[in-house]
Amino acid sequence: MIKIKISEKIFYLVILQVVALLLSSCSEDKGLVGDRIPIFNDLSQENVNSPGKKIKLTSPEILKAWPQLLSGPSRAVINVKLTNSLEDFDSYRIIKTISRDNVFTPIIVSDTIYYLDSRGTVHAQTTGGKHLWSTNINGNSKRLRQTFPGGLAYSEGLIYITSSSGKLSTLDAKDGQLLWEYDFDQPFRSFPLIYRKNIYVVTGDDLGVAFSREGKLIWSFAGDTQANSISYSASPSAYKGKVFFPFSSGTLYAVDSINGSVFWKKTFSSAAIGEGSSLITDFGSSPILLKTGVLASSFAGQTILINFEGNIIWASDIGTSTSPLIVGSDAFFIDKNGFLIRLSLSKGKIIWSRKLLEKSKGTKFFDPILVNGNILLTKNDRIVSLYSPFDGALVKSKKLKGKVSASPISYKGEVYFPLANGKVQVF
């Protein structure tokens with residue numbers, strides 16, 4: 001009996017020590033000594049020395065409007081033509097905005113640039129810098145200065161805004177007058193989509209919603225949801241009568257643009273195993289619409305190509321927090337470790353990868369665009385860089401007049417860089 005009691009006492013003491021160790025490790029993560037060795041090979045590291053490969057470029061085009069995210073509903077950016085040689089960076093002009101604050105989510109239509117500041121105010125100025133109007137859409141909301149302040153889109157004289165206060169608002173583009181708004185009471189994390197004169201949004205609590213231009217709710221449905229800490233999420237895309245809604249669970253819904261009926265849904269099957277972010281399956285970028293299907297990327301570490309019948313053509317262990325750039329038959333990604341990756345769209349295989357930064361921690365890249373046949377990259381600093389899509393070689397870098405605050409856009413042969421000091425630098 002005595003031996004049994006001693007054994008039981010020792011057993012309980014051991015259990016208590018184990019529990020205490022577990023609790024202390026959860027409450028105070030000091031890290032482990034030594035290097036973390038990944039379970040699987042790092043695909044970007046494996047292909048860093050791979051050679052260049054010929055690439056077919058489409059003829060560059062001068063954009064006469066940039067009305068919404070990535071300039072259109074398919075979210076695929078064309079090869080933008082510039083009237084000046086951006087490789088030289090010789091001449092530029094500065095637009096001093098009225099906000100003197102971070103310039104977010106700019107769009108340009110009819111020689112007018114519309115943008116948000118971090119206080120939730122929409123501003124309109126001419127491309128020459130003349131102030132036209134300013135309208136605060138957040139009012140007295142306490143949900144101000146979010147990491148993602150909201151998104152803008154333009155259609156037929158109206159500006160549509162998703163805001164950090166949870167409102168879908170519509171302004172008259174001429175004078176900034178508020179025409180209607182709908183309060184969802186959850187901060188938006190994505191841009192509105194304008195497609196066939198309707199407005200489509202993903203709300204902060206994962207509702208897929210369609211509105212008419214007049215502010216009438218047409219239909220809505222609840223998407224799959226998952227709690228996460230990502231402040232900016234993906235926006236819906238559209239193609240051939242279908243709208244593709246990305247939700248925080250990593251599930252993509254293909255629905256009828258007219259009545260909202262669901263054709264199919266697909267979810268990312270895995271994440272970056274062995275990484276702390278493997279619990280986050282949220283989309284890292286908006287779905288990109290191709291002739292062959294839908295290209296979708298997760299933040300955690302997977303990219304999939306889905307055909308329009310809802311079948312996965314291929315899956316690749318590449319994650320990103322920026323929109324993939326489509327160039328010919330290939331896609332270019334910036335992964336979370338700071339690699340520029342060229343991927344074949346036919347098979348989902350990496351052609352090459354190039355390390356952009358020695359240390360990527362704390363660096364936020366913005367959506368790349370293709371200008372004069374080169375990949376233009378910006379991040380949350382003062383540097384803009386051009387890379388060759390052939391082999392990933394650095395073509396040119398230039399220091400800007402302020403830190404970049406949003407993705408660059410193009411209009412009438414020029415490229416606009418939104419800055420955090422309330423200015424827009426134009427080449």
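## Salt bridges and nonpolar cores: worked exercises

A search of the whole structure, which is a predicted model, finds 10 salt bridges.

**Exercise 1.** Determine which residues are linked with E156 in a network of salt bridges, and where the partners K197 and E156 lie in the chain.

*Solution.* Start with the pair itself: the side chains of K197 and E156 meet in a salt bridge, with an N to O distance of 3.9 Å, which falls within the 4 Å cut-off. Next, place the two residues: K197 sits in the loop between β11 (193-195) and β12 (198-202), while E156 sits in the loop between β7 (150-155) and β8 (158-163), so that the pair links distant parts of the chain, 41 residues apart. Then extend the search, and E156, K197 and R213 prove to be linked in a network of salt bridges. Finally, E156 has a relative accessible area of 48% and is therefore partly exposed.

**Exercise 2.** Classify D330 and R342 as buried or exposed, and state which strands their salt bridge joins.

*Solution.* The closest N and O atoms of D330 and R342 are 2.7 Å apart. D330 belongs to strand β24 (residues 330-334) and R342 to strand β25 (residues 339-344), so the bridge ties together parts that are 12 residues apart in sequence. Because buried means under 20% relative accessible area, D330 at 5% is buried, and R342 at 1% is buried as well.

**Exercise 3.** Identify the residues that touch the most other members of the largest nonpolar core.

*Solution.* This core has 59 residues, of which L295, L356, L376, Y416 and F417 touch the most other members. A second, separate core has 15 residues, including A124, L152, Y154 and A173.

Definitions and conventions. Residues are numbered from 1 along each chain as its sequence is written. This is a predicted model: local features need pLDDT of at least 70, side-chain atom pairs count only at pLDDT 80 or more; totals for chains, interfaces and linings use all residues. Side-chain values use heavy atoms; hydrogens and water are left out. A nonpolar core is a set of buried Ala, Val, Leu, Ile, Met, Phe, Trp, Tyr and Cys residues joined through side-chain atoms within 4.5 Å. Buried means under 20% relative accessible area, exposed over 50%, partly exposed in between (1.4 Å probe, protein chains only). Helices (H or I, at least four residues) and strands (E, at least two) are DSSP runs, numbered from the N terminus.
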